[in-house]
Amino acid sequence: MALTITDLSKTYPNGVRALKNVSLNVGSGMFGLLGPNGAGKSSLMRTVATLQDADAGTIQLDGIDVLKDKDEVRKVLGYLPQEFGVYPKMSAIDMLTHLAVLKGVTGAGERKAMVEALLQQTNLWDVRKKALSTYSGGMKQRFGIAQALLANPRLIIVDEPTAGLDPAERNRFLNLLSSIGRDVTVILSTHIVDDVLELCPRMAIIAQGEVLLEGSPNDCLTTLQGQIWSHVVSGEEELRTIEAELEVVSSHLVAGQHEVRVFSPTNPGAGFNSVPTELEDVYFLTVARHAVN
Ligand code: ADP
């Protein structure tokens, strides 16, 4: 499915401009929407998911006008919100069956087959009779995907799904996402660069309600190729000098020492090594440069 967002704007009643003329083209497959907290990702996802209105702009999903034909969108949509709400004492299998009824899967045989297949796919079969309230974070997110996949959606939106998962749970969850069919459009909203790197052939960086960069992760990397330099600093004083004189992209502690990465078209000086650009460099630099403008 092709999703075309054009000039979408939203200001909340408290005056926060959450979306400013957002335009995006999202084709089939996985699309990564990367941005820091407060960037406007959830506002955008909720609007596409027909849960809130925009002040201006349009959203087209193939032939559907998303902001007007909400029922048509809901028929093809699977949504995993950032906050999935309460996890009841109900078991996964009963809850999925209940949600399948709400989604309009009326045939009992079809419903049973669908629910069972999803429980297998999300690796929840063995715990299908346990209360959802007893599930771990990772199990809850996999249940969230199971409910989003009910009734074969063609557009799936997952909002910050890996936040709070431990590395093994996150891995399992990303593998599950990558197994969703390629002809389905999946929008993955996240502030975690590696989520996008591992899964998404197309991506956009969003901050302060604006789309700052759009393309493949590779396109994004080539914009900075050969211009990222790394240096292990001797102490706080040198770190402060570098921060004052150069465009610092990030600074990490590695075995107790600060390793700084800077942007510079030419060699910034002794002790700096040219290093391959990482998507995190592109993300940090794009967001930081926008913040100072
Ligand atoms: P993200 O998902 O990228 O963290 P959000 O879309 O949740 O970003 O938020 C964008 C901005 O809009 C933030 O400044 C946030 O505080 C504000 N915001 C979000 N929802 C509401 C709301 N219902 N009312 C007022 N402000 C909101």
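These legends go with close-up views of a predicted model.

**View 1. How the chain splits into domains.** Domain 1 comes in two pieces, 1-76 and 154-215, with domain 2 covering 84-152 and domain 3 covering 226-276. Measure from C-alpha centre to C-alpha centre and domain 1 sits 34 Å from domain 3.

**View 2. Strand E1 and its two partners, E2 and E4.** Start with E1 (residues 3-11) and E2 (residues 17-26), an antiparallel pair held by 6 bridges. Thr 11 faces Arg 17 of E2 across this pairing. The hairpin leaves 5 residues between the two strands, and that's where to look for Gly 15, with its positive phi near 95°. E1 also pairs with E4 (residues 56-61), again antiparallel, this time through 5 bridges. One spot to zoom in on there is Ile 5, whose bridge partner in E4 is Ile 59.

**View 3. Helix H1 and the residue to check just after it.** H1 runs over residues 41-48, and 7 of its 8 residues are buried. Lys 41 is on the buried list, along with Ser 42, Ser 43, Leu 44, Met 45, Thr 47 and Val 48. Just past the helix, Thr 50 has a positive phi of about 65°.

**View 4. Helix H5 under cover.** H5 (residues 137-148) has 12 residues, so at 1.5 Å a residue it should span 16 Å; the end C-alpha atoms are 17 Å apart, which agrees. Of those 12 residues, 10 are buried, including Arg 142, Phe 143 and Ile 145. The cover over the buried residues includes helices H3 (92-102), H4 (108-121) and H6 (167-178), plus strands E6 (77-80) and E7 (155-159).

Note on methods
Residues numbered from 1 in each chain as written. Predicted model: local features only at pLDDT ≥ 70, side-chain atom pairs only at ≥ 80, totals over all residues. Heavy atoms only, no water. Domains from an automatic or database assignment. Buried < 20%, exposed > 50% of the residue type's maximum accessible area, 1.4 Å probe, protein only. Helix = DSSP H or I, 4+ residues; strand = E, 2+ residues; numbered from the N terminus. Expected span 1.5 Å × (residues − 1). Contact = heavy atoms within 4.5 Å. Pairing = 2+ DSSP bridges.
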